[in-house]
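Open the model in your viewer and keep the sequence panel visible. The tour below goes stop by stop, with a selection to make at each one.

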Amino acid sequence: MAESVLSIRDLTVTFNTPVGPLTAVRGVDVDVRAGEIVGVVGESGSGKSVTFLAAMGLLPKRAHVTGSVVLDGQELIGASPKLLRSVRGRLLSMIFQDPLSALNPVHRVGDQIVEMLKAHQKMSQKTAFAKAIELLDIVGIPQPDERAKQYPHEFSGGMRQRVVIAMAIANNPKVLVADEPTTALDVTVQAQILEVVQRVQQTFGTAVVLITHDLGVIARVADRVNVMYAGRNVEKGSVASLFEHPSHPYTRGLLASLPQEGIERLQPISGFPPNMLAPPPGCGFAPRCPHAQQACSEVLPPLRGFLDLETACIRAEELLAEGAN
Ligand SMILES: Nc1ncnc2c1ncn2[C@@H]1O[C@H](COP(=O)(O)OP(=O)(O)O)[C@@H](O)[C@H]1O
Ligand SMILES: [Mg+2]
């Protein structure tokens, strides 16, 4: 098994809020191996973004972070701002749902990529601009030499996201974290952006963390998947295994809520994720789980090997035997 390039261990993040401490991430582990695509999936508020913002050192000061994030052998939790700045964009890059927020409206896109290149590499302006054009070509922007001279507002949403990906991979990072990169885009464009992400992974061997609330996206491109709920890992494993025999009731709920051909009505998971200011004791999903028993609300279920997955459900064996949904 390939070694992890990014290894997150027992990560916790607590925000100091005016109404009290809010622990958004409660002991999360994620491993990313060289060159693979790892999906991180869960409903809104499950702690996906906060996990990776913490890894990047991008959380506000009032966030208290514990645990470990090792990237390419270096510990990032508690690292100096200087080290974090040198890591971001060079070893670890992150892109977000809204490409506009990552682009400067008053600078030409080619110049923005040049700036990113020069921040981490010694390069002449001419070489850097040529490289920027090459990057725009790699992410599938037609006429890249013309487009490099244009401003962000001259690009469509999908084309902007391509520019953002070009910037993120400019310094050939080990890991690219894509946080809901297609959520704001229409379906056709979504598919194209996922293709770009796959092309980057295949061409440069970049490991990709793909954060999404949509298991359909994971099914299309990811190798392994990490399901999160209420700030915890609830299930992880290979994408093939997870789709073949999802073992955590939450994962099954997410699968049942996927749009499927020929099925008119989807079955969303009833209820809502917990208020993280006062999360339920025991399993965070218990209040919504059709199979919950008394013990589920009392005992914190550890993530443990189950079939070829890791599952945090104390009833996993029983539910399998019952053939439960
Ligand atoms: N800066 C912040 N201050 C306080 N709470 C936050 C902050 N950022 C996120 N949260 C809370 O942390 C939890 C997890 O958020 P997030 O990681 O953004 O979820 P996801 O990306 O899975 O949708 C949510 O309850 C959210 O309200
Ligand atoms: Mg998010």
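Which residue takes a positive phi in the hairpin of β9 and β10? Select Ala230: its phi is near 45°, and the hairpin has two residues between the strands. Helices (H or I, at least four residues) and strands (E, at least two) are DSSP runs, numbered from the N terminus.

Before moving on, note that this is a predicted model, in which local features need pLDDT of at least 70, side-chain atom pairs count only at pLDDT 80 or more, and totals for chains, interfaces and linings use all residues. Residues are numbered from 1 along each chain as its sequence is written, while chains are lettered from A and ligands numbered from 1 in the order in which they are written.

**Stop 1: the hairpin strands**

Select residues 224-229 for β9 and 232-238 for β10. These strands pair in the antiparallel sense over six bridges; two strands pair if DSSP finds at least two bridges between them. Arg224 has Ser238 in β10 as its bridge partner. Six of the seven residues of β10 are buried, so the strand is largely enclosed by the rest of the structure. Buried means that 20 or more other C-beta atoms, placed from the backbone, lie within 10 Å of the residue's own.

**Stop 2: the sheet**

Now add residues 309-311, strand β12, which pairs with β10 in the antiparallel sense over two bridges. Glu235 stands opposite Thr311 there. Widen the selection to the open sheet of eight strands, in the order β6-β7-β8-β3-β9-β10-β12-β11, with mixed pairing. β6 (92-95) and β11 (304-306) are at the edges with a single partner strand each, so one side of each has no neighbour in the sheet. Between β11 and β12 there are three antiparallel bridges, and Phe306 has Leu309 as its bridge partner.

**Stop 3: ligand 1**

Select ligand 1 and the 14 residues around it; Phe15, Ala24, Lys48, Ser49 and Val50 come nearest. A residue counts as near if its C-beta atom, placed from the backbone, lies within 6 Å. β1 (4-17), β2 (20-33) and α1 (48-56) each give two or more residues to this shell, and α1 gives the most, with three.

**Stop 4: helix α1**

Is α1 largely enclosed or left open, and why? Eight of its nine residues are buried, so the rest of the structure largely encloses α1. Among the buried ones are Thr51, Phe52 and Leu53. Finish at Gly57, just after α1, where phi is positive at about 70°.

Note on methods: A residue is buried if 20 or more other C-beta atoms lie within 10 Å of its own, exposed if 12 or fewer, and partly exposed in between; C-beta atoms are placed from the backbone.
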